[in-house]
Amino acid sequence: MAVEISGLKRGFGKVEVLKGLDMSVDSGSIYGLLGPSGCGKTTLLKVMLGFLTPEDGTVKVPKGIPGSTVGYAPQELALYLDLTISETLLFHGRLHEMSIEDIKDKKSWLMNFLDLPDENRQIGKLSGGEKRRVSLAIALLHNPSLLLLDEPTVGVDPELRARIWGHMKEITSQGTTIIITTHYIDEAGKADRVGLMRNGKLLAEDSPSALMSKHDTKSLEEVFLKLCRREVKVAE
Amino acid sequence: MNFNRIKAIAARKFSSIRRDHRMFAFIVMMPAIQILLFGFAIGASPTGLEVITVGEHAIIDELEDSEYLELTSMENVEEARDLVEKGEAWAVIEIENGTIILHFDASNQQVMQTISQEVRTALEATAPSLPITQADPVHGQAEPEFIDFLAPGIMVLVCFMFSVILTAMAFVGERNDGTLDRLFAAGVQPLEVMIGHLSAFSLILVGQVSVVIAIAIGLFEIPLEGSLVLLFALALLLGWAAMCLGLLISSKAKSEFQAMQLTMPILFPVLLLSGILWPVEALPAGLSHISQVLPTTWAAEAFRSIMMRGWGIEADIVWKAFIIVGIFGTATLLGAAKSLKIKS
């Protein structure tokens with residue numbers, strides 16, 4: 001198990017965000033965290049990164065986080081707009097103490113794989129989708145064993161999104177663990193395991209096929225809908 | 001602490017600074033403009049002062065040569081006083097039976113003192129038998145100018161102020177746009193962020209300090225009796241300490257506006273309580289205690305001692321200034337690193 005969380009509670013001031021969340025992520029798998037905006041996905045990732053301390057519950061993550069064990073692509077693009085693509089990758093590679101050769105090799109691979117424009121283009125002048133791909137490139141650059149990707153495919157075209165998923169499948173087969181948040185239901189369906197998140201809790205987590213057969217539906221969307229309705233009823 | 005990460009952060013910050021042309025111009029030009037304005041506007045003796053003389057005396061011929069006064073002679077004291085009353089002249093010098101009577105518009109102390117000083121100098125020149133003589137001064141010039149007192153303080157102020165402003169907004173933006181989170185995720189420590197930023201700004205600091213010292217000594221001909229190297233070293237240390245304070249502000253402020261709000265209330269006490277504009281000996285007891293703990297007070301006194309008195313590092317005032325400014329910088333740097341929390 002790469003990540004194991006039980007009974008996690010965390011809020012900001014009087015606002016409760018995570019309300020007793022349980023989650024387990026297998027090593028070498030893709031975990032799709034699916035839920036609407038504001039359900040606490042980003043807060044959960046920040047707890048895993050060690051930025052937010054839990055108020056209650058236990059959180060087990062691999063050793064070396066924060067550090068080079070983890071590759072993190074935040075939801076806000078978090079890029080230095082005045083740097084070029086090349087300088088950005090060089091900077092992050094140096095933070096992880098990669099050798100210049102390694103950085104260059106990985107850079108040319110990433111530029112090609114993510115279909116990035118000229119490496120001397122300034123980040124501030126890129127389109128939203130291009131910026132998001134640079135953000136993803138930074139997370140992949142140092143071959144981390146855990147990837148935390150917060151909505152990495154927003155605004156990325158379908159062909160490239162498929163390629164990114166193909167690459168993610170490939171690196172998980174080599175042992176990398178990936179946790180990806182998304183609000184695209186069809187995208188979450190490609191994950192090995194999906195956590196359906198709502199109001200600071202996981203309503204369910206399992207493989208997409210297991211979830212659909214358990215709830216006797218043909219799509220994850222219907223599973224989500226059923227679980228939401230059930231939760232609303234319980235609340236009433 | 002990881003030196004490679006610090007180097008990476010410094011290099012990245014430096015290319016950002018270099019590329020931001022407006023910011024770069026601000027950084028280079030502002031201290032120069034500031035010290036030029038101070039030098040031209042403050043401290044020099046006022047000139048072209050209208051003064052009316054009534055009556056005859058040897059000093060009046062002497063005063064005709066004054067570079068500060070414009071003399072006009074009149075017959076009637078009452079009419080002359082009327083002109084002062086209307087603001088058309090600053091003073092009447094009335095000679096009555098060999099006695100010199102001065103009628104002042106005393107609304108401007110600096111002007112009044114300049115005129116008094118000129119009259120006294122003229123009197124000494126015409127009646128050298130006065131029972132008082134000034135020997136060569138121990139420090140400074142025989143006729144010290146206010147700017148000689150002021151200039152070292154203004155140099156301290158400019159070095160301090162622009163270094164604080166330089167770094168006060170250093171990573172307000174970076175915290176809000178998530179780039180700082182990315183650094184922390186990579187395992188970077190807050191102190192590494194701080195030292196990286198300091199290193200990037202250090203080159204600029206060297207430029208700023210050089211410009212300030214060059215203008216003061218080269219253009220305004222402020223005397224430098226002591227060591228230029230020592231002066232430069234203290235100015236750099238002061239600028240460095242001020243940058244640390246700026247970083248502390250930056251780590252506390254949630255927006256750039258808030259960073260400015262935090263900067264202003266720091267700069268005013270520095271200006272007013274550090275003996276920059278006026279001797280600290282004139283402060284009331286309570287404020288004088290505050291003055292004693294400001295690093296700028298020590299720096300200003302040490303600047304003056306190096307420049308006017310020619311003192312070296314062995315002088316108490318000078319080495320203490322280095323230590324106090326150094327402690328202040330280190331403490332604010334650690335405080336800044338502490339308040340830039342990874343965890344919350």
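**Note on the predicted two-chain model**

1. In chain B, helix α2 (residues 21-41) and helix α6 (residues 146-168) have axes that come within 10 Å and cross at roughly 155°. Because an angle over 145 degrees counts as roughly antiparallel, α2(B) is roughly antiparallel to α6(B). The crossing of these two helices is right-handed. The model is a predicted one, and the points below should be read with that in mind.

2. The residues behind this helix pair can be listed. From α2(B) come B:Ile27, B:Met30, B:Pro31, B:Gln34, B:Ile35 and B:Phe38, and they meet B:Ile154, B:Val158, B:Phe162 and B:Leu166 of α6(B). Sorted by class, the contact has nine nonpolar residues, one polar residue and no charged residues.

3. Helix α6(B) also enters the description of the core. The largest nonpolar core has 144 residues, and those touching the most other members are A:Leu148, B:Met155, B:Val156, B:Cys159, B:Leu238, B:Ala299 and B:Phe303. To this core α6(B) gives the most, with 15 residues.

4. B:Phe303 is worth a look on its own. With neighbours within four places in sequence left aside, B:Phe303 is in contact with B:Pro152, B:Met155, B:Val156, B:Leu231 and B:Leu234. Another core, of 16 residues, lies apart from the largest one; its members include B:Val54, B:Ala80, B:Trp90 and B:Ala122.

5. Next, the contact between the chains. In chain B, 22 residues are in contact with 23 residues of chain A. On the chain B side, α1 (3-19) and α8 (179-185) each supply at least two residues. The largest share there, seven residues, comes from α1(B). By class, the residues on the side of chain B that touches chain A are seven nonpolar, seven polar and eight charged.

6. Last, a single position in chain A. A:Ser207 sits in the loop between β9 (201-206) and α7 (208-214) of chain A. Is A:Ser207 buried or exposed? Neither label fits: A:Ser207 is partly exposed, because 14 other C-beta atoms lie within 10 Å, whereas a buried residue has 20 or more and an exposed one 12 or fewer.

7. As for the surroundings of A:Ser207, residues up to four places away in sequence are not counted here, and A:Ser207 touches A:Asp192 and A:Arg193. A:Ser27 is 180 residues apart from A:Ser207 along the chain, and the C-alpha atoms of the two are separated by 14 Å.

Key:
Residues are numbered from 1 along each chain as its sequence is written. Chains are lettered from A and ligands numbered from 1 in the order in which they are written. This is a predicted model: local features need pLDDT of at least 70, side-chain atom pairs count only at pLDDT 80 or more; totals for chains, interfaces and linings use all residues. Axes are lines fitted to C-alpha atoms, for helices over the stretch in contact, and angles run from 0 to 180 degrees between N-to-C directions. Helices (H or I, at least four residues) and strands (E, at least two) are DSSP runs, numbered from the N terminus. Angles under 35 degrees count as roughly parallel, over 145 as roughly antiparallel, 65 to 115 as roughly perpendicular and the rest as oblique. A crossing is left-handed if the near helix is turned anticlockwise from the far one by less than a right angle, and right-handed if clockwise. Two residues are in contact if their C-beta atoms, placed from the backbone, lie within 7 Å. Ala, Val, Leu, Ile, Met, Phe, Trp, Tyr, Cys and Pro count as nonpolar, Asp, Glu, Lys and Arg as charged, and the others, Gly among them, as polar. A nonpolar core is a set of buried Ala, Val, Leu, Ile, Met, Phe, Trp, Tyr and Cys residues joined through C-beta atoms within 7 Å.
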